[in-house]
Amino acid sequence: MTEPHYSLALLYDPFCGWCYGATPGLMALAGRPDVQLGLMPTGLFAFEEGRPMTADFAAYAWSNDQRISVLTGQVFSAAYRQKVLEAPEGMFDSGPVTLALTAVALEDPAAELPLLKAFQQARYVEGLDTAKPEIVEAVLRRNDQNAAADRYAGDDEALKLAARQRLDQGQRLQRAVGAKGVPSLILQSSDGLRLINAGRLYGPIEALMAALVDSQSSETV
């Protein structure tokens, strides 16, 4: 078995449209035997950073989503617009999904990226409101993550603490490399940390790998 040569951390938020746009590139990256990719949420839209969904914010989000769709080809469906963005008394809070993905990371770390993709598919394509805890649990269970779902559905204080610790770690890493937002891809090595141009996530995997090669020979943080 080939040992990973590139250790990477992805700073992300489950409700970040640009993170969704980058998912095909991330899946290709994670599938390489010379890459070890870890996910690290920053809480950009989670918990206290969440907000009620208003008509103005929904219109802004939809406009931004269309730009992402043109660039990446990712689908933002009419069902998503109608049932999520325009839902009465809706919330824009990625906290429930962040908590669920922490449960997945604790139970089955390799499944975190596929489950992030599953939550994105549920929201942006199927139009399921993944700010609602019951929908989040259902997505976990239909993806055979019953142990994570049980932890998520229970009042698991250890899970809540783990989620907060992950957010703290993600925010510290974000500050350390001077990342301005998400998604941010960070190369980690014995020499330090290196922020990779996030735009590479939206292009061919060969261009991204070339950027990693260049970064390893460059000055690190």
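Here is a short chat about how some labels in this predicted model are earned.

Modeller: Quick ground rules: residues are numbered from 1 along each chain as its sequence is written. Local features need pLDDT of at least 70 and side-chain atom pairs 80 or more, while totals for chains, interfaces and linings use all residues; side-chain values use heavy atoms, without hydrogens and water.

Colleague: Why is Tyr 80 called buried?

Modeller: Buried means under 20% relative accessible area, with exposed over 50% and partly exposed in between (1.4 Å probe, protein chains only). Tyr 80 has 2%, so it counts as buried. Tyr 124 has 1%, so that one is buried too.

Colleague: What makes Tyr 20 and Phe 76 an edge-to-face aromatic pair?

Modeller: Rings of Phe, Tyr and Trp (its six-membered ring) pair if their centres lie within 6.5 Å; planes under 30 degrees apart are stacked, over 60 edge-to-face, the rest tilted. Here it's 5.1 Å centre to centre and 90° between the planes, so both tests are passed. Tyr 80 and Tyr 124 form an edge-to-face pair as well, at 5.1 Å and 70°.

Colleague: How do you know that the charged end of Arg 51 sits over the ring of Phe 57?

Modeller: The rule wants NZ of Lys or CZ of Arg within 6 Å of the ring centre and within 35 degrees of the ring normal. Arg 51 is 4.1 Å from the centre of Phe 57, so the distance test is met. Arg 123 likewise lies over the face of Phe 15, at 3.6 Å from the ring centre. Phe 15 and Phe 57 are both in a cluster linked by ring pairs, along with Phe 45, Tyr 60 and Phe 92.
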